[in-house]
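Hello,

Here is the structure I promised to pass along. Please have a look at it first, and then read on for what turned up in it.

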Amino acid sequence: MAKMMSFSCASKAVSLLLLLILATLVSAKESGDVTELQIGVKYKPKSCDIQAHKGDRVKVHYRGKLTDGTVFDSSFERGDPIEFELGRGQVIQGWDQGLLGMCVGEKRKLKIPAKLGYGEHGSPPKIPGGATLIFDTELVAVNGKPSSEEKTDGSEL
């Protein structure tokens with residue numbers, strides 16, 4: 001009888017643990033949080049003559065949002081893309097990884113987990129700690145060479 005009771009308690013403990021794990025996964029899915037970098041190609045030019053590689057000087061338009069849709073920064077609205085050296089730690093890791101191999105004129109959506117963004121501390125006041133970040137990006141130029149295709153205002157991102 002005692003063995004059956006301890007088995008029953010162990011069974012309940014395992015069930016509770018599985019329920020907690022499932023609840024955590026559902027909560028993360030509902031909130032839009034991710035644990036790994038996700039890269040979605042939204043537009044790729046017909047020809048890809050120039051790609052971004054580590055060490056290249058890139059110019060990128062972006063719109064940064066939280067998972068609830070709140071925009072915390074956007075170069076499109078300012079009309080001023082950010083310029084930096086790719087893969088050198090000048091931007092968050094999610095960008096250094098998510099923009100590699102991108103063609104000039106290409107548009108990507110990056111879903112960046114906190115560990116590749118601003119971490120557990122965030123970037124107050126606009127980005128809370130532990131936040132998953134979503135960036136709509138467009139590679140404008142690599143090493144000063146722009147796309148030969150038509151420019152965009154970011155409205156179709």
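Glu 77 is exposed, because its relative accessibility of 60% is over the 50% cut-off. This is a predicted model, so please read everything below in that light. Glu 77 has a salt-bridge partner in Arg 63, with 3.7 Å between the closest N and O atoms. Glu 77 sits in helix α2 (residues 75–78) and Arg 63 in strand β2, so the pair links parts that are 14 residues apart in sequence. Unlike exposed Glu 77, Arg 63 is buried, at a relative accessible area of 13%.

**Other charged pairs**

As a general point, side chains of opposite charge can pair when their charged atoms come close. The count of salt bridges here is 9. One of them joins Arg 78 to Asp 73, where the closest N and O atoms are 2.6 Å apart. Both partners are partly exposed: Arg 78 has 47% relative accessibility, and Asp 73 has 27%.

Another salt bridge brings together the side chains of Glu 85 and Arg 88, at 3.0 Å from N to O. Glu 85 is partly exposed at 25% relative accessibility, and Arg 88 is also partly exposed, at 47%. There is a network as well: Lys 44, Glu 106 and Arg 108 are joined through salt bridges that share partners.

**Glu 106**

Is this network member buried or exposed? Glu 106 counts as buried, with a relative accessibility of 0%. You will find Glu 106 in the loop between α3 (93–98) and β5. A polar atom of its side chain lies 2.9 Å from the backbone nitrogen of Cys 103. Not counting residues up to four places away in sequence, Glu 106 touches Val 41, Tyr 43, Lys 44, Pro 45, Gly 101, Thr 137, Glu 138 and Leu 139. Lys 44 thus appears among these contacts and in the salt-bridge network too.

**The nonpolar core**

In soluble globular proteins, nonpolar side chains tend to be buried together. In this model the largest nonpolar core has 23 residues, and the members that touch the most others are Trp 95, Leu 133 and Phe 135. At least two residues of this core come from each of β2 (57–66), β5 (107–112) and β6 (133–142).

What does Phe 135 touch, leaving aside its neighbours within four places in sequence? Its contacts are Tyr 62, Arg 63, Gly 64, Phe 72, Ile 92, Trp 95, Arg 108, Lys 109, Leu 110 and Ile 112. Among them is Arg 63, the salt-bridge partner of Glu 77. Arg 108 is also in that list, and Arg 108 belongs to the network with Lys 44 and Glu 106.

**Gln 97 in helix α3**

Gln 97 lies in helix α3 and is partly exposed, with a relative accessible area of 39%. Beyond its neighbours within four places in sequence, Gln 97 is in contact with Leu 37, Ile 39 and Leu 116. From C-alpha to C-alpha, Gln 97 and Leu 86 are 8.6 Å apart in space, with their positions 11 residues apart in sequence.

**Two backbone features**

Most residues other than glycine have a negative phi, and most peptide bonds are trans. Two places in this model go the other way. Pro 124 and Pro 125 are joined by a cis peptide bond, with omega about 5°. Pro 125 belongs to the loop between β5 and β6. Asn 143, a residue other than glycine, has a positive phi near 50°. Asn 143 is located in the loop between β6 and β7 (145–146), and is partly exposed at 44% relative accessibility.

**The chain as a whole**

How many helices and strands does the protein chain have? There are 3 helices and 7 strands, and along the sequence they follow the pattern α-β-β-β-α-β-α-β-β-β. Of the 157 residues in the chain, 35% are buried. Among contacts with a separation of 6 or more, 67% are between residues 24 or more positions apart. The chain has an accessible surface of about 9,800 Å², and carbon and sulfur atoms account for 56% of that surface.

Best wishes

Note on methods. Residues are numbered from 1 along each chain as its sequence is written. This is a predicted model: local features need pLDDT of at least 70, side-chain atom pairs count only at pLDDT 80 or more; totals for chains, interfaces and linings use all residues. Side-chain values use heavy atoms; hydrogens and water are left out. A nonpolar core is a set of buried Ala, Val, Leu, Ile, Met, Phe, Trp, Tyr and Cys residues joined through side-chain atoms within 4.5 Å. Buried means under 20% relative accessible area, exposed over 50%, partly exposed in between (1.4 Å probe, protein chains only). Helices (H or I, at least four residues) and strands (E, at least two) are DSSP runs, numbered from the N terminus. Contact means heavy atoms within 4.5 Å. A salt bridge is a side-chain nitrogen of Lys or Arg within 4 Å of a carboxyl oxygen of Asp or Glu. Accessible areas come from the Shrake-Rupley method with a 1.4 Å probe; for residues, only the protein chains shown count as cover. A polar contact is a pair of N or O atoms within 3.5 Å; within protein, one must be able to donate a hydrogen and the other to accept it, and residues adjacent in sequence count only if both atoms are side-chain atoms.
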